[in-house]
Protein chains: 2
Amino acid sequence: MNTDNDIWIREVGTRDGLQSIQTQFSTANKLEWIRLEAAAGIPEIEVGSFVPPKLLPQMADTAEVVDGAVMVNDLTVSVLVPNLRGAQAGMASGAHLINFPLSVSEAHSEANLRKPVSAAIEDFANVMNYRREHPEHAHVRIGVGLATAFGCTISGQVALADVLRAAEKVTALAPDEIAVADTVGYGNPAQCRTIFREILAMAGDIPVAAHFHDTRGLGLANVDAALEVGVRRFDSSLGGLGGCPYAPGASGNVVTDDLVFMLEAMGLTTGVDLNKLLVARQFMEQHLSDEPTFGAIANAGLPKGFAPAMQRA
Amino acid sequence: MNTDNDIWIREVGTRDGLQSIQTQFSTANKLEWIRLEAAAGIPEIEVGSFVPPKLLPQMADTAEVVDGAVMVNDLTVSVLVPNLRGAQAGMASGAHLINFPLSVSEAHSEANLRKPVSAAIEDFANVMNYRREHPEHAHVRIGVGLATAFGCTISGQVALADVLRAAEKVTALAPDEIAVADTVGYGNPAQCRTIFREILAMAGDIPVAAHFHDTRGLGLANVDAALEVGVRRFDSSLGGLGGCPYAPGASGNVVTDDLVFMLEAMGLTTGVDLNKLLVARQFMEQHLSDEPTFGAIANAGLPKGFAPAMQRA
């Protein structure tokens, strides 16, 4: 049981959120958003991804966004990289951390990458090898993401054994972080307790992060379940940006603002100033066109007399 | 630790939902809503309240609604009663269960009822006495609700000691159910575990229910936390009807449809058919004017291959 009260939040709205919506953010506006969230105390932001610009034009300026983001004090700048070429670009970019996702669902892996899970894990091994062979990149941390770990829109259920086999293989490669993702919002709290208990035990000293989508309303319930078995790192998206295009009205990632509220209300420490975070949310919303945002705290306000965990300590 | 897998859901949208919105439902439409939810397998519905019609005109037809609802097979019909006069009407109405709420926050009790918590508990004792003195009402069950147990819009925090003192006093009166309510949506999962652990231990064989509002997005996370320490009864509102009038966009009670999804996904048994429940939701929504509804499952749909807990057993 992890009794550490410090929680690490990674904002992914600037990557997972923006890649899912129509509105294009300018580089300057991405950077202002990043600065405002860092000023609110968010410790890490996934600022973009090194993917072919033809596939995701919203991410075409990721190198420039990294250039600006690494100038922000006390901010860990991470990027998503889908393959070795992206990983090379990510390591060269100056980002502190690169995240390499792979799907643990065979059906999803075949459909999206045209390769089995085992081949995607080999690709990840090649990324780890590349860093080893290039000492100039030794300071860049490499995380791996286990996508579709809670279910998959193609196969439906994903067997726990498949999740754990993939987790075991990537753990053996000694990444700097393992993120376990409910990519399509299928997960439930009971499943979270089972999966994270196993993976935390397997990961040992390697930090384990949880990446939840709120598509079916269970995002924060899943966070609570993961917290309870010891997870202390969570991905989330300001205003829940990035709703599923196939489910109008469905939220994207767990809402950063509500996540911070829940954690601080529970007496856990995020280091985030909620009022400043809502300023960042307002900035983001001003630059959206028709994209919906989500979250309860922005509407309902904080409870009377609410004090963040640190002020109560 | 309660390892029972059966969950009892009480729909409160027909009371807590309707009393909070502008749209007036006709008696016939209330009854159709009740019939549709009962047909979906919801075991209990709080169909109205016996309050002065001047205060809540939406509830003026509660006696007729009870008349119709008790004709529905296998449905427990409950009503809310705010005082002895309401309790007398409730017992005479034919309802199976009457729920008597009292506020455990002194500030809230004084502001709303012009009396201290101790006097409200005496009022509840008088309701219990009235039933004892009227054997013709011996079959009517009497529940008590501990309102504002997680915080109060006037005083902010409510001390755990105050909650437990009130819980102890009402437990001594041997009610047929104790509901603990986060009336204003201030609660968090850590607080739920603490409060429900204590109250379940205190209540012994008396069933304990949880009544959560999703005002700040933590409704289902709070349900999961309460489940985990042994709560097996939950209040909820179809489509989250009854958002807070002071917080536009803020949901009312926990959304029944999402609650059923979460519980069934976790392998717990509600007896509710989600597809039929969404038919009831559609009926309700057709009769709303401008009132917002909430919930993720109605938008996003069920996960591919999703099967209710009973079909997996």
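This passage describes a strand and its neighbours in chain B and a helix pair in chain A. The model is predicted: local features need pLDDT of at least 70, side-chain atom pairs count only at pLDDT 80 or more, and totals for chains, interfaces and linings use all residues. Residues are numbered from 1 along each chain as its sequence is written, and chains are lettered from A in the order in which they are written.

Strand β6(B) spans residues 177-182 (strands are DSSP E runs of at least two residues, helices H or I runs of at least four, numbered from the N terminus). Six of its six residues are buried, so β6(B) is largely enclosed by the rest of the structure (buried: 20 or more other C-beta atoms within 10 Å of the residue's own, with C-beta atoms placed from the backbone). E177(B), A179(B) and A181(B) cover one side. I178(B), V180(B) and D182(B) lie on the other.

Four bridges join β6(B) to β5(B), residues 141-147, in parallel (pairing requires at least two DSSP bridges). G143(B) has E177(B) as its bridge partner. β6(B) also pairs with β7(B), residues 208-212, in the parallel sense over five bridges. Here A181(B) is partnered by H211(B).

In chain A, helices α8(A), residues 189-203, and α9(A), residues 219-229, pack at about 35°, with axes 8 Å apart (axes are lines fitted to C-alpha atoms over the stretch in contact; angles run from 0 to 180 degrees between N-to-C directions). Residues meeting across the pair include F196(A) and L200(A) from α8(A), and A225(A) and V229(A) from α9(A) (contact: C-beta atoms, placed from the backbone, within 7 Å).

Methods. Contact = placed C-beta atoms within 7 Å. Buried ≥ 20, exposed ≤ 12 C-beta atoms within 10 Å, placed from the backbone.
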